[in-house]
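Thanks for coming, everyone. Please take a look at the sequence and the model on the screen, and then I'll walk you through them.

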Amino acid sequence: MQRSPLNVVLSSGTSISSTALMADSAWRAVAYCLHPRVIYLSLLPLILAATGLGLLGWFGWEPGVAAVRQALDTWGISHNVLAWLDRAGLSFLRTAAAPFLLVLMVVPLVIVVCLLLVAGLMTPSLVKLVRHRRFPQLLDRDATPWWRSLLWSAGASITALALFVVSLPLWLMPIFAVLVPPVIWGWLTYRVMAFDTLVDVASPTEREVLLKRHHGSLLGMGILCGYIGAAPAALWAMGALTVILAPLMVLLSVWLYTLVFAFSSLWFAHFLLSALQAQRQASPSSSVSGDTVDIHIGTST
């Protein structure tokens, strides 16, 4: 009887499901999150953000506040609002408005740039970490130009954004509001993470076979990562305490988002590199037929 393509076969001959490989890769990813390099990478956005904001505050605070204040004075609506505050005896808010708006504009921008920078550096570094510790015998098969990875990620992101826009009317129904965004986010995570993990180690043919064979498992991993990625947003549901602890909440949220990204990268790396190793150890016929392949799931991390 032909085995399901969702099953894998250990080198000892024992058959396990792809779900077992997902679970094995997940606990390894959690364990790797305690590795010093992963902890350092998760803290890097905080270091970069603090450094960037410090430099901006030192060199650009006064010109920035002056520019925002000038814009407020020349904009008709803001001028009327500020005049009303003066008549209401709240002129001190006029002084605080420009610095507050400047912080409101600059801080998210700096944090997003730092997150994107670290995200671009994190996946290759974590894939190399997993390869060095678990799969040193895996050799590079394809030197993919950096622009191909960029185009792949951009194409997947644009597609996901279009799906978000098209599905917006469904969000009015609570059940779809809970289900649709994580599914789209999970699809995007699966497409980007899978490609970035295999971009240098697998040939285009190997990558295509792996993505087709494990499509369901990879999509499920992406959706789970989407739900996990929504967890840091729960920190902002603490009511008035959120306002009081806003600076701390921002830093904690950035660190949690980075840690979730690290876990996702490690999970996909363990899963896909295990599958790639199995595919290369298997016979040529099983590498393209979608049948079960040999894979070894050991206790080493």
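Let's start on the surface. Helix α6 gives four residues to a nonpolar patch, the most of any contributor. Keep in mind that this is a predicted model.

So who is in that patch? The members are Leu161, Val165, Leu168, Leu170, Trp171, Met173, Ile175, Phe176, Val178, Leu179 and Tyr227. Together they have about 980 Å² of accessible area. Two elements give two or more residues: α5, which covers 146-167, and α6, which covers 174-198.

Take one member, leucine 170. Where does it sit? Leucine 170 is in the loop between α5 and α6. Its relative accessible area is 35%, so leucine 170 counts as partly exposed.

Now step back to the whole chain. How many helices and strands are there? The secondary structure comes to 11 helices and three strands. Follow the sequence and the order is β-β-α-α-α-α-α-α-α-α-α-α-α-β. In that pattern, two strands come at the start, then the helices, and a strand ends the run.

How much of the chain is buried? The chain has 301 residues, and 39% of them are buried. The exposed area of the chain is about 16,600 Å². Carbon and sulfur atoms supply 74% of that area.

Next, contacts along the sequence. Consider contacts between residues at least 6 apart. Of those, 78% join residues at least 24 apart.

For a look inside, go to leucine 218. This residue is in helix α8, residues 215-229. Is leucine 218 buried or exposed? Leucine 218 has a relative accessible area of 0%, so it is buried.

What does leucine 218 touch? Set aside residues up to four places away in sequence. Then leucine 218 touches Tyr190, Leu210, Leu211, Phe268, Phe271 and Leu272. Pick phenylalanine 268 from that list. Leucine 218 and phenylalanine 268 are 50 residues apart in sequence. In space, their C-alpha atoms are 7.8 Å apart.

On to charges. How many salt bridges does a search of the whole structure find? The search finds three. Let's take them one at a time.

Here is one. Arginine 28 and aspartate 24 meet through their side chains, at 2.9 Å from N to O. Both belong to helix α1, residues 18-32. They are four residues apart there, so about one helical turn separates them. What about burial? Arginine 28 has a relative accessible area of 0%, so it is buried. Aspartate 24 is buried too, at 9%.

Another bridge joins glutamate 206 and arginine 280, at 3.0 Å from N to O. Glutamate 206 is in helix α7, residues 204-213, and arginine 280 is in helix α10, residues 246-281. The pair therefore ties together parts that are 74 residues apart in sequence. Glutamate 206 is buried, with a relative accessible area of 10%. Arginine 280 is partly exposed, at 23% relative accessibility.

Stay with glutamate 206 for a moment. Which residues are in contact with glutamate 206, leaving aside neighbours within four places in sequence? They are Arg141, Val201, Leu276, Gln279 and Arg280. So its salt-bridge partner appears in that contact list as well.

One bridge is left. Glutamate 208 and lysine 212 meet at 3.1 Å from N to O. This pair is in helix α7, four residues apart, so about one helical turn lies between them. Glutamate 208 is partly exposed, with a relative accessible area of 44%. Lysine 212 is exposed, at 61%.

Last topic: cysteines. A disulfide is a covalent bond between the sulfur atoms of two cysteines. How many disulfides are counted in this model? The count is zero, using a cut-off of 2.5 Å between the sulfur atoms. Two cysteines are still worth pointing out. Cysteine 33 is buried, at 13% relative accessibility. Cysteine 225 is also buried, at 2%.

To recap, we have a predicted model with 11 helices and three strands. A nonpolar patch lies on the surface, and α6 gives the most to it. Leucine 218 is buried in the model. The search finds three salt bridges, and the count of disulfides is zero. That's the tour.

Definitions and conventions:
Residues are numbered from 1 along each chain as its sequence is written. This is a predicted model: local features need pLDDT of at least 70, side-chain atom pairs count only at pLDDT 80 or more; totals for chains, interfaces and linings use all residues. Side-chain values use heavy atoms; hydrogens and water are left out. Buried means under 20% relative accessible area, exposed over 50%, partly exposed in between (1.4 Å probe, protein chains only). Contact means heavy atoms within 4.5 Å. Accessible areas come from the Shrake-Rupley method with a 1.4 Å probe; for residues, only the protein chains shown count as cover. Patches are made of residues with over 30% relative accessible area and no salt bridge: like charges are joined within 9 Å, nonpolar side chains (Val, Leu, Ile, Met, Phe, Trp, Tyr) within 5 Å. A salt bridge is a side-chain nitrogen of Lys or Arg within 4 Å of a carboxyl oxygen of Asp or Glu.
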